[in-house]
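I opened my notebook to look at how the parts of this model meet. Here is what I looked up, one interface at a time.

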Amino acid sequence: MQVETKISINGKDYEGEVEARTLLVHFIRDVGGLTGAKVGCDTSQCGACTVHVDGVAVKSCTMLAVQADGTSVTTIEGLADDGDLHPLQEAFWAKHGLQCGFCTPGMIMAAAKLLEANPSPSEEEVRHGLEGNFCRCTGYQNIVRAVTEAADAQKEGAE
Amino acid sequence: MYPANVAYHRASSVAEAVELLAENEDSKLLAGGHSLIPLMRLRLASPASLIDVGRIAEIQGISVCGDCVCVGALTTHSTLASSCDLQSACPIVPEAAALIGDPAVRNRGTIGGNLAHADPASDLPTVAVALGATIKATGPNGKRSICAGDFFQDLMTTALDDGEVMTAVCLPAIQAGQGMAYAKMLHPASRYAVVSAAAVVTVEDGRCAAASVAVGGVETAPAKASSVEAALTGNALDAGVIACASAAVADDLAGDAIDDVFASGEYRRAMAEVYVRRALTSAAERAG
């Protein structure tokens, strides 16, 4: 069954008929052409597909595109501000918070919401806050360092 | 994997959802989708139609009226976990909700979907049984209330009829002298409960006047631990009494235990005693 669906992704409207079974992540990748969000698992565990739907972190592989009809979605491609990398993107680069990079878009989108809710997280709070995002390369050490660095950078920026 | 082809209908009210359920054979309700969509992706579920109830405003939100906390079926786990009203009126619910999945899962998963899905490894069914919650449902024949103790019948099987929509969950508010706690062994990857225990104790004059304990993850539905409750009632809740009562959970788990590659039935039974003891210890401390 085809359903008329309109979703704003990173400020641009994407509209069309999609099959009802289309997952939001497939809408973002196939209709939006934005391949940052990844499909990593079938079980809602890995978090590689994490995006923001109306400002809330969501696993876009566990939401149908039709459920997101009328919403505003932000993906990793929409995080930089007019070419200036987000502090988390800078910190993942500076601290080498990635190896293969597959988990990174989801990791950064989840971390962005973590820092919004808690601008000064402890290492334990970072690990706890990212428990829905799996990385199979880094052992998480540099990811945690990157998030902590981004938190410090955001605080300095605010001062 | 892509889910199988499916028809989609969006309901704007409970009445419309009931009508759509009646009109569409082999249909499933879709709320947050965090139980159903993974099943559809694995092709363990392939309903002919989905009735999306996720935007129905009348079944969202939390309201406290006297001795009852009414939680709309669409209330998400993150709302449960952060609700000040629930924290003061029924603190075991935010305690358990904060342990469900991960932040993104809690942002979408709902209490109604969670209870209706009735996964034995889930958290809220165990809490609902220990609390003696009441589940409200609306169907073609009107509204009805179902006690949590009668609601969970078997593996992913509840007392809800095919044509019914769960609308709310009514939780009894905490009373003076009561303490409640939830203890859970987390599966390290999925965060589901391998074994969990929910306990509500009422202490009067230094002794346990009433206790309600439920165990999840061991049998196909939450098990009420009536032997544990009997061993507590009338006694001071010290470590010795709690340890002794927790050991009695073996009598309450006499049926077939879930047995899988991660945890054998024998292991789950052994851990049930440990987690009942932990839940009771916290609940007794909180009862003061």
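**Entry 1: the two domains of chain A**

I began with the area buried between domain 1 of chain A and domain 2 of chain A, which comes to about 1,200 Å², with carbon and sulfur atoms giving 66% of it. Buried area here is the accessible area (1.4 Å probe) that two parts lose on being put together, summed over both. I then asked which residues of domain 1 supply the most: Thr50(A), His52(A) and Ile76(A) account for 41% of the area that domain 1 of chain A buries against domain 2 of chain A, more than any other three residues.

A note to self on the ground rules: this is a predicted model, where local features need pLDDT of at least 70 and side-chain atom pairs count only at pLDDT 80 or more, while totals for chains, interfaces and linings use all residues. Residues are numbered from 1 along each chain as its sequence is written, chains are lettered from A and ligands numbered from 1 in the order in which they are written, and side-chain values use heavy atoms, with hydrogens and water left out.

I checked the bounds next: the domain assignment of chain A gives domain 1 as 2–76 and domain 2 as 87–158, and such bounds come from an automatic or database domain assignment. The centres of the two domains of chain A, taken over C-alpha atoms, are 22 Å apart. In contact (heavy atoms within 4.5 Å) I found 17 residues of domain 1 of chain A and 12 residues of domain 2 of chain A.

How many salt bridges cross the interface of domain 1 of chain A and domain 2 of chain A? The rule, a side-chain nitrogen of Lys or Arg within 4 Å of a carboxyl oxygen of Asp or Glu, finds zero across this interface. Polar contacts are another matter: six residue pairs, both at pLDDT 80 or more, make one across the interface of domain 1 of chain A and domain 2 of chain A. For that term I used a pair of N or O atoms within 3.5 Å; within protein, one must be able to donate a hydrogen and the other to accept it, and residues adjacent in sequence count only if both atoms are side-chain atoms.

On the side of domain 1 of chain A that touches domain 2 of chain A, strand E3 (50–53) and strand E4 (56–59) of chain A each supply at least two residues. E4(A) gives the most to that side, with three residues. Helices (H or I, at least four residues) and strands (E, at least two) are DSSP runs, numbered from the N terminus.

**Entry 2: chain B against chain A**

Between chain B and chain A, I noted about 2,600 Å² of buried area, 55% of it from carbon and sulfur atoms. On the chain B side, Tyr8(B), Arg41(B) and Arg108(B) lose the most area to chain A, together 22% of what that side buries. The contact involves 33 residues of chain B and 29 residues of chain A.

I counted four salt bridges between chain B and chain A. I looked at Asp42(A), which forms a salt bridge with Arg41(B), with the closest N and O atoms 3.1 Å apart. Across the interface of chain B and chain A there are also 13 residue pairs in polar contact, both at pLDDT 80 or more. H6(B) gives the most to the side of chain B that touches chain A, with six residues.

**Entry 3: a stop at Asn24(B)**

Is Asn24(B) buried or exposed? Asn24(B) counts as buried because its relative accessibility is 16%; the cut-offs are under 20% relative accessible area for buried, over 50% for exposed and partly exposed in between (1.4 Å probe, protein chains only). Asn24(B) lies in the loop between helix H1 (14–23) and strand E2 (27–30) of chain B. The side chain of Asn24(B) makes a polar contact with the side chain of His9(B) at 3.3 Å.

**Entry 4: domains 2 and 3 of chain B**

Domain 2 of chain B and domain 3 of chain B bury about 1,800 Å² between them, 65% of it on carbon and sulfur atoms. Between these domains I counted two salt bridges. Glu95(B) and Arg286(B) meet in a salt bridge through their side chains (3.1 Å, N to O).
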